[in-house]
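Here is a walk through one model, from its open and closed spaces to its rings and helices. Have the structure open beside you as you read.

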Amino acid sequence: MTIIISLCILLLVSYLFDLSASKTKIPSVILLLLLGWIVKEITTFFVIKLPDLSSTLPILGTLGLILIVLEGSLELELNKSKIGLIKKSTLGSFLPLIVMAFTLAYLFYYYTEFDFKTCLSNAIPFCVISSAIAIPSVRNLRQSHKEFVIYESSLSDIFGVIFFNFVAFNTSFGVNTFGYFCLEILIIIIISFVATILLSFLLNKIDHHIKFVPIILLIILIYEISKIFHLPALLFIMVFGLSIGNLDELKNYRWAHQFRLDLLNKEVQKFKELIIEATFLIRALFFLLFGYLIKTSEIINPDSILWALVIVGIALVLRFLQLKISGIPIFPLLFVAPRGLITILLFLSIAPESQIHLVNKSLIIQVILLTAIIMMLGIMLTTIKRKKSIQETRKALLQQQENDL
């Protein structure tokens, strides 16, 4: 009973964090981690014994990843007007990821005795922009910025996981390896389209009062089975979300009429609302639990702080160059490159024998906190500047009106 009451209170507080984020500009993830850490300190102080919850973290992380990418892809529009944005966000999520991964891998290789492949697998988790943190943090930015972040962070998650699996699960790299990798991509694309059609059909045809839970369970099942065969399963999640979220684009095709698109759109809207609610719940639980598992010594570890600053510095420099080359406004998007859920999940996926001593829990926590704080300060400063600019414009207009009179 005590655990249930505590969970309800913590989740309600998490909801307040989410509500206040738009006004305070403080990313809810920072407050969630802090709240989880405070709960840990309280349980330690009062000698309250709880079961080991560390094994629950990857499960919540996987569910959160599926729901976050699905939620993000349901939000995106696919039409001719978005082609330029899609190109920029795709390049923006892929090229900095690759460049940063190899740069960090070289630094790890130079300062350790591990081989380059091992160093690369340890570097990749730091190169992925977290959609779990980025998407909720840009709700109040202008629509073009918001869309760019949703596309970029979702694609960064997908590219990061695919790249990590490619490096971690292959012992050698040659023509056969790359050929098999391309085959995996082709297989998951075929699976994605077939599964999307079947799931859309079920969404349209199920008349039972419980219809969304089976769909979600099937999505998770397909994702997990794909992972067993080392297929890029996140690609399926994104294709499914983009497909059912853009059904209006199919109205001109006669074959699509059998899906009764008007009715299906209503069901998709209900499905989307359920996904948003579920995403909030799982994301809050994940970061609360991660905060609970953090030790104070890991946050203030002086041995890893220099590396954390180097990693964040490289990320900001590459992001600045990427935005400049793409012709995208620098502020506030320069600061919206947080690390989070994917970084944690990929770090936990590294085999114990492949972990290098430089990459530890302290470094992961410090990089996540630093990028979240930088994002918070960047959005705050941009908001203040925008308000000041609006006020100055109003004053200038009023002055002009007075002069005219």
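Which helices each supply at least two residues of the lining of the largest pocket? They are α1 (2-24), α2 (28-45), α3 (56-75) and α11 (261-293). Helices here are DSSP runs (H or I, at least four residues), numbered from the N terminus.

A word on the ground rules. This is a predicted model, with local features needing pLDDT of at least 70 and side-chain atom pairs counting only at pLDDT 80 or more, while totals for chains, interfaces and linings use all residues. Residues are numbered from 1 along each chain as its sequence is written, and side-chain values use heavy atoms, with hydrogens and water left out.

**The open space**

Back to that pocket, then. Its volume is about 640 Å³, and 19 residues line it, with Ile-3, Leu-7, Leu-10, Leu-50 and Leu-53 lying nearest its centre. Helix α1 gives the largest share of the lining, five residues. By class, the lining of the largest pocket splits into 14 nonpolar, five polar and no charged residues. For those classes, Ala, Val, Leu, Ile, Met, Phe, Trp, Tyr, Cys and Pro count as nonpolar, Asp, Glu, Lys and Arg as charged, and the others, Gly among them, as polar.

How do you tell a pocket from a cavity? On a 1 Å grid over the protein atoms alone, a cavity is a set of points where a 1.4 Å probe fits but cannot get out, and a pocket is an open set with protein on both sides within 12 Å along at least five of seven lines; lining residues have an atom within 4 Å of a point. Points are joined across faces, edges and corners, and a volume is the space filled by probe spheres set on the points.

**The closed spaces**

The model holds four cavities of 30 Å³ or more. Here are the largest and the second largest next to each other.

| Cavity | Volume | Largest share of lining | Lining by class |
|---|---|---|---|
| Largest | about 120 Å³ | α4, five residues | eight nonpolar, four polar, three charged |
| Second largest | about 60 Å³ | α13, three residues | six nonpolar, one polar, one charged |

In the largest cavity, 15 residues make up the lining, and those closest to its centre are Pro-96, Cys-127, Ile-129, Arg-319 and Arg-339. Two or more lining residues come from each of α4 (83-111), α7 (143-168) and α13 (302-326).

The second largest cavity has Val-312, Ala-315, Leu-316, Phe-335, Ala-337, Arg-339, Thr-371 and Ile-374 around it. Here the elements giving two or more residues are α13 and α15 (361-404).

**Rings**

Aromatic pairs are counted when rings of Phe, Tyr and Trp (its six-membered ring) have centres within 6.5 Å; planes under 30 degrees apart count as stacked, over 60 as edge-to-face and the rest as tilted. That rule gives 16 aromatic pairs. One of them joins Phe-45 and Phe-46, edge-to-face at 5.1 Å centre to centre, with 90 degrees between the planes. Buried or exposed, what is Phe-45? Phe-45 is exposed because its relative accessibility is 66%, and Phe-46 is exposed too, at 55%. The cut-offs are under 20% relative accessible area for buried, over 50% for exposed and partly exposed in between (1.4 Å probe, protein chains only).

Phe-331 and Phe-335 have ring centres 5.8 Å apart and planes at 35 degrees, so that pair is tilted. Phe-331 is also joined to Pro-332 by a cis peptide bond, with omega about 5 degrees. Pro-332 itself is placed in the loop between α13 and α14.

Elsewhere, Tyr-106, Phe-108, Tyr-110, Tyr-111 and Trp-307 make up one aromatic cluster. A charge joins in at Tyr-292: the charged end of Lys-40 sits over its ring, 5.4 Å from the centre. That call needs NZ of Lys or CZ of Arg within 6 Å of the ring centre and within 35 degrees of the ring normal.

**Two helices**

Helix α10 (residues 233-245) is largely enclosed by the rest of the structure, because 11 of its 13 residues are buried. Among them are Leu-234, Phe-236, Met-238 and Phe-240. Its end C-alpha atoms are 19 Å apart, which agrees with the 18 Å it should span at 1.5 Å a residue; the expected span is 1.5 Å times one less than the number of residues.

Helix α8 (residues 175-205) has 31 residues and reaches 45 Å from first C-alpha to last, close to the 45 Å expected. Its buried residues include Thr-177, Glu-184, Ile-188 and Ser-192.
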